[in-house]
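Let's take a walk through this one together, starting with the pocket and working outwards. Have the viewer open and follow along.

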Amino acid sequence: MLSLKLPQLLQVHQVFWEDGIMSGYRRPTSSALDCVLSSFQMTNETVNIWTHFVPTWYFLWRLLALAGGPGFRAEPYHWPLLVFLLPACLYPFASCCAHTFSSMSPRARHICYFLDYGALSLYSLGCAFPYAAYSMPASWLHGRLHQFFVPAAALNSFLCTGLSCYSRFLELESPGLSKVLRTAAFTYPFLFDNLPLFYRLGLCWGRGHSCGQEALSTSHGYHLFCALLTGFLFASHLPERLAPGRFDYIGHSHQLFHICAVLGTHFQLEAVLADMGSRRAWLATQEPALGLAGTVATLVLAVAGNLLIIAAFTASLLRAPGTCPLLQGGPLEGGTQAKQQ
C-alpha cells in the first residue's frame, strides 16, 4: 500500500528566516510533491497557502455568477467589471502557488515570487478599468486624466513588476532598501488607481447625503480601510516581531496580510457593483473612455510586457553562479538577515 510521508520541518537556524518566525520552515530543496504535501501539514506557510487558495475559488465563483447572468456579457457596460475580476482571480492563485512551491530551490523561490508580483501588478491594472468606467468624478470625465487613466495604469504595472522583482536581488546586501522598494512598488499603483475615490471622498467630506452621484458607498470605505491595514501589516511584521516564535504557525503578519488583502478585494468588488448600479443612468449618457479595441490592446500589451520583465529577471537569476549569496539555500552567516517575501 502506497504511503506518503509528510516532509520534515526545520528550525530558524537551518534556513533563510523570516523576522520573528522561529520554526515551521520547510526544506529549501523540497520536491514538488513535498511542497504539495506540506500544504496539508502545519508549517509557517500553510495558512498563507490556504488564505489565498480558497479565495481564488470564491472570486472565480463571483466571476462565473456575474458573467452567466442574462445578457451580462453581451452588454459593453459590464465588460470593465469582468476585466477586473480576471486578475482578482489570478493574484490569489499566483500567491498560493508561490507559497506552495517556493521551497523547491533558491532559484524556484525567487521565480515563484516574480510571478506572484506580476499577478499583483496585473491586478492593479485590472482595478483601473472599472474605476475609469464607473467611478470617475463628474468633473474628470473626458479630461486628460480620464483618457489616459488605464494606459497609465498599464505603465504603472510595468514599474510595479520591475521594482518588486529587482528588490529580491537586494534582500541580503540591503534588506532595508529591498523592503522600501517592494513596498513602494505596490503602494504607488494603489494610490494612482484610487485617485478618483480620494477626490470623491474629498468632495463629499462633511456633506452627508447632499453629495449626489459623487457619494461613496460603505464598501468603498471598507475597501480603503482593508488596504491601509494590508500595507501596515506588510511593512511592520507585527505581531511576530513583538513575540518571536509565538505566531510561527497561526497569526503572523503575512497571514493577516493575506486575509486583509482578500477582504479588501471583496469590498472593492462590492463597491464597484454599487457604483455600477447607482451611477448607471448618468453614465449611460457618457461615452466610454476606452472602447473594446482599446481594452483588448491594453490588456495584451500589459500581459506581454509584464511577462517580458519577469523573463528578464528570471534569465538574470539563471545566469547567476550557484555561489551567489542570493541562491544559497542554507543558513545565512551570522543568522541575522531575514528572508523577505
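## The largest pocket

Helices α3, α4 (106–134), α6 (175–193), α8 (218–236) and α9 each put at least two residues into the lining of the largest pocket. Bear in mind as you look that this is a predicted model. The volume of that pocket comes to about 900 Å³, and 39 residues line it. If you want to find the middle, head for F186, F190, A227, T230 and F257, which lie nearest the centre of the pocket.

What is the lining made of, in terms of nonpolar, polar and charged residues? The split for the largest pocket is 20 nonpolar, 16 polar and three charged. As for the general idea behind looking for pockets, a probe the size of a water molecule is rolled over the atoms, and that shows where empty space is left.

## Three histidines

Now for the annotated spot. An unreviewed UniProt entry carries a "binding site" annotation on H99, H254 and H258. These residues are spread over 160 residues of sequence, yet they cluster in space, with a largest C-alpha distance of 11.5 Å. H99, H254 and H258 are also among the residues lining the largest pocket, so the annotation from the record and the computed pocket can be viewed together.

Two of the three are worth a click each. H99 sits in helix α3 (residues 79–101), and its relative accessibility of 1% makes it buried. H254 belongs to helix α9 (residues 253–278); at 15% relative accessibility, H254 is counted as buried too. Which side chain does the side chain of H254 touch in a polar contact? That would be the side chain of H99, at 3.2 Å.

## Aromatic pairs

A pair of aromatic rings is described by how far apart the centres are and by the angle of the planes. Searching the whole structure turns up 18 aromatic pairs. One of them is W50 with F53: the ring centres are 5.4 Å apart and the planes meet at 80°, which makes the pair edge-to-face. W50 and F53 are three residues apart in helix α2 (residues 46–67), so about one helical turn separates them. W50 is partly exposed, with a relative accessible area of 31%, and F53 is partly exposed as well, at 28%.

F84 and Y123 make another aromatic pair, this one tilted, with 6.1 Å centre to centre and 40° between the planes. Because F84 lies in helix α3 and Y123 in helix α4, the pair ties together parts that are 39 residues apart in sequence. Are these two residues buried or exposed? Both F84 and Y123 are buried. Back around helix α2, W50 and F53 also belong to an aromatic cluster, in which they are joined by F40 and W57.

## Annotated transmembrane regions

UniProt (again an unreviewed entry) places "transmembrane region" features at residues 79–101, 113–133, 145–166 and 289–313. Two of these spans are easy to check against the model. Residues 113–133 are 100% helix and 0% strand, with the end C-alpha atoms 31 Å apart. Residues 145–166 are likewise 100% helix and 0% strand, and here the end C-alpha atoms lie 29 Å apart.

## Two alanines to look at

A98 is in helix α3 and, at 1% relative accessibility, is buried. Measuring C-alpha to C-alpha in your viewer should put A98 and A108 9.0 Å apart in space, while in sequence they are ten residues apart.

A284 lies in the loop between α10 (280–283) and α11 (292–319). With 62% relative accessibility, A284 counts as exposed. How far apart are the C-alpha atoms of A284 and Y77? They are separated by 8.5 Å, although the two positions lie 207 residues apart along the chain, counted from one to the other.

## The overall layout

Zooming out, the protein has eleven helices and two strands. From the N terminus on, the order of the elements is β-β-α-α-α-α-α-α-α-α-α-α-α. Of the 341 residues in the protein, 49% are buried.

Note on methods. Residues are numbered from 1 along each chain as its sequence is written. This is a predicted model: local features need pLDDT of at least 70, side-chain atom pairs count only at pLDDT 80 or more; totals for chains, interfaces and linings use all residues. Side-chain values use heavy atoms; hydrogens and water are left out. UniProt positions are given in the numbering used here, feature names are shortened, and annotations may be inferred rather than shown by experiment. On a 1 Å grid over the protein atoms alone, a cavity is a set of points where a 1.4 Å probe fits but cannot get out, and a pocket is an open set with protein on both sides within 12 Å along at least five of seven lines; lining residues have an atom within 4 Å of a point. Helices (H or I, at least four residues) and strands (E, at least two) are DSSP runs, numbered from the N terminus. Buried means under 20% relative accessible area, exposed over 50%, partly exposed in between (1.4 Å probe, protein chains only). A polar contact is a pair of N or O atoms within 3.5 Å; within protein, one must be able to donate a hydrogen and the other to accept it, and residues adjacent in sequence count only if both atoms are side-chain atoms. Grid points are joined across faces, edges and corners, and a volume is the space filled by probe spheres set on the points. Ala, Val, Leu, Ile, Met, Phe, Trp, Tyr, Cys and Pro count as nonpolar, Asp, Glu, Lys and Arg as charged, and the others, Gly among them, as polar. Rings of Phe, Tyr and Trp (its six-membered ring) pair if their centres lie within 6.5 Å; planes under 30 degrees apart count as stacked, over 60 as edge-to-face and the rest as tilted.
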